[in-house]
Amino acid sequence: MHKSLSNSYKSSTLKRHSGSLSPFVHSIFRLNQTNNLQSQSSLANSIKTPSGYSPFRHFNQNPCFFSSGYFPNGVNLKGFGRNESGESCAKLFFRSFCSEMCRESMAYDVVIVGAGPAGLSAAIRLKQLCREKNVDLSVCVVEKGAEVGAHIISGNVFEPRALNELLPQWKQEEAPIRVPVSSDKFWFLTKDRAFSLPSPFSNRGNYVISLSQLVRWLGGKAEELGVEIYPGFAASEILYDADNKVIGIGTNDMGIAKDGSKKENFQRGVELRGRITLLAEGCRGSLSEKLIKNFKLREKSHAQHQTYALGIKEVWEIDEGKHNPGEILHTLGWPLDQKTYGGSFLYHMNDRQIALGLVVALNYHNPFLNPYEEFQKFKHHPAIKPLLEGGTVVQYGARTLNEGGLQSIPYPVFPGGAIIGCAAGFLNVPKIKGTHTAMKSGMLAAEAGFGVLHEDLNMEIYWDTLRNSWVWQELQRARNYRPAFEYGLLPGLAICGLEHYILRGKSPYTLKHGKPDYEATDAARLHSPIEYPKPDGVLSFDVPTSLHRSNTNHEHDQPAHLRLRDPKIPELVNLPEYAGPESRYCPARVYEYVPDEKNQLKLQINAQNCLHCKACDIKDPKQNIEWTVPEGGGGPGYSVM
């Protein structure tokens, strides 16, 4: 359905445009034979990429910004002139061909990283504006999952507010949104009992959905409008110009072996250059985090650090007699201790399916806590177990989510683009919803970007419209709920009750978050190990069994995308001081301490297991683990999450 750089592009387009008969290379020869720079610019405009757009047209008609195939031997670099900064075009041209090892390059008006709710909403809104104003702007979306939706996981009780604005006819257009909320329950759990509490969630008018299915549908709508979507390609680097302005992204190379050598199927990455770049990578996006640091975006908005939670989820198929479409349940309390923030969700979908999960805040203190095992234990609660008995697990997955709220939102605009969706952190914590706010942020960024490209406005208007939108109003009212639990479960509930029922989000104060999640981990000597029950294979399962249900797959012979900044820290610090917490907070058993030939425990990284949840990048006590993108197309393969 979607155009795929990783499959059809790699097998046909790159071969057509990288070989000895590359039309781009022939075009370069023709450019070289033209003595007049104005003629070169005119010719550059006539050259088209496989998508039909000029690869030069967005760079002041400077052909030196384009690279293709290989650097042809014997090309005379004289006569290329100089750019507006006075730098030799021949020098730029040579650098483009050689120092970048001849990466293919394609130019667009807007490049969007991430085909999730925010990225696709931005792409759709841009194309809608193009139709309204009779303007032709090229928009592409690059997605690291093998297909659109493959890496998308969420609860998800969906609030359609943003979708109503973006695509008002979604009901008539067969969107996969079919199960309205029918009941809304909220329980406080002890080990053996469930106490019903007044539900604070107000889910009337919302729907129980699969977010991975919804983004597939949004992807189809985007393509109908002319958006080019490239799944299977992972954005691995930011491209800058001489003025430190972002001008696009580069995808990572494919076909590299673990030892760094090039395999027979080696394929150089691609440059996707854009006049505007929007980052919609989701929670803890790797490129977004780099830009936040590089441009000091948190400092610019006086934001606090982000705080996170890890959500672990299963989709079950249960007996017909136990299934109540639209019924939703949230819980607090057991199995988590009084100092650990988190809770569970249980949503009845259609087709006898339920979404079941546990969310654990990553600022927990006990290094022996294992979120995956807590979830397995939760399913044995007397109030949950009867529903699952006789059922089967359809799919498993995990993902982190940002819980910092208003206090933790960085300034989302950088030179050349903006950060949108959960990469910036628009989750409404008390609602446990972030899809509608992510979509709206993408729409607002698209409108600002269109103004930049068509009306010569400034991208900063995105920040202004965001703060004047209902997104900001929601987060303003919800800002004190998450930090209230810094004082413990019961004080947190009391403060939230005051906020919800009396102050109604109009508090005269704003609470602060505690330590960053990685700093919150205590030394192991302050806690006792937690003994978790063995899985029974009926309700609870070991990690390999669950991992198989996530459809996770990575090419085994590739460099590990989970990198240690200092390879000595796991054995010298994490293991003796924190009892090796990475072996527990990871829900996919990526990290294991195994004995070497001298019977000394060493950290083993099973990168092929990675669910792309990002917990390791967040929770590692010394921030020694860096999560980077693996080869495009790798990772989980969600279909109903």
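Which helix gives the most to the lining of the second largest pocket? Keep that in mind as we walk through this structure, which is a predicted model.

Let's start at the pocket itself. The second largest pocket has a volume of about 960 Å³. It is lined by 37 residues, and those closest to its centre are P200, F201, P430, K431 and Y481. Several secondary structure elements each supply at least two residues of this lining: the strands β15 (327-333) and β16 (342-348), together with the helices α14 (470-478) and α16 (489-503). The answer to our opening question is α16, with 6 residues. As for chemical character, the lining divides into 21 nonpolar, 10 polar and 6 charged residues.

Next, have a look at the cysteines. The model has 0 disulfides. Take C422 as an example: its closest cysteine sulfur belongs to C283 and lies 6.9 Å away, so the two are too far apart for a bond, given that a disulfide requires sulfur atoms within 2.5 Å. C422 counts as partly exposed because its relative accessibility is 25%. C496, in contrast, has a relative accessible area of 10% and is therefore buried.

Finally, move along the chain to strands β22 (residues 591-595) and β23 (residues 601-605). These two pair in the antiparallel sense over 5 bridges. To find the register by eye, look for Y591, which stands opposite I605 in β23. The two strands form a hairpin, with 5 residues between them. In the turn you will find N599, whose phi is positive at about 65°.

Terms used
Residues are numbered from 1 along each chain as its sequence is written. This is a predicted model: local features need pLDDT of at least 70, side-chain atom pairs count only at pLDDT 80 or more; totals for chains, interfaces and linings use all residues. Side-chain values use heavy atoms; hydrogens and water are left out. Two strands pair if DSSP finds at least two bridges between them. Helices (H or I, at least four residues) and strands (E, at least two) are DSSP runs, numbered from the N terminus. Buried means under 20% relative accessible area, exposed over 50%, partly exposed in between (1.4 Å probe, protein chains only). On a 1 Å grid over the protein atoms alone, a cavity is a set of points where a 1.4 Å probe fits but cannot get out, and a pocket is an open set with protein on both sides within 12 Å along at least five of seven lines; lining residues have an atom within 4 Å of a point. Grid points are joined across faces, edges and corners, and a volume is the space filled by probe spheres set on the points. Ala, Val, Leu, Ile, Met, Phe, Trp, Tyr, Cys and Pro count as nonpolar, Asp, Glu, Lys and Arg as charged, and the others, Gly among them, as polar.
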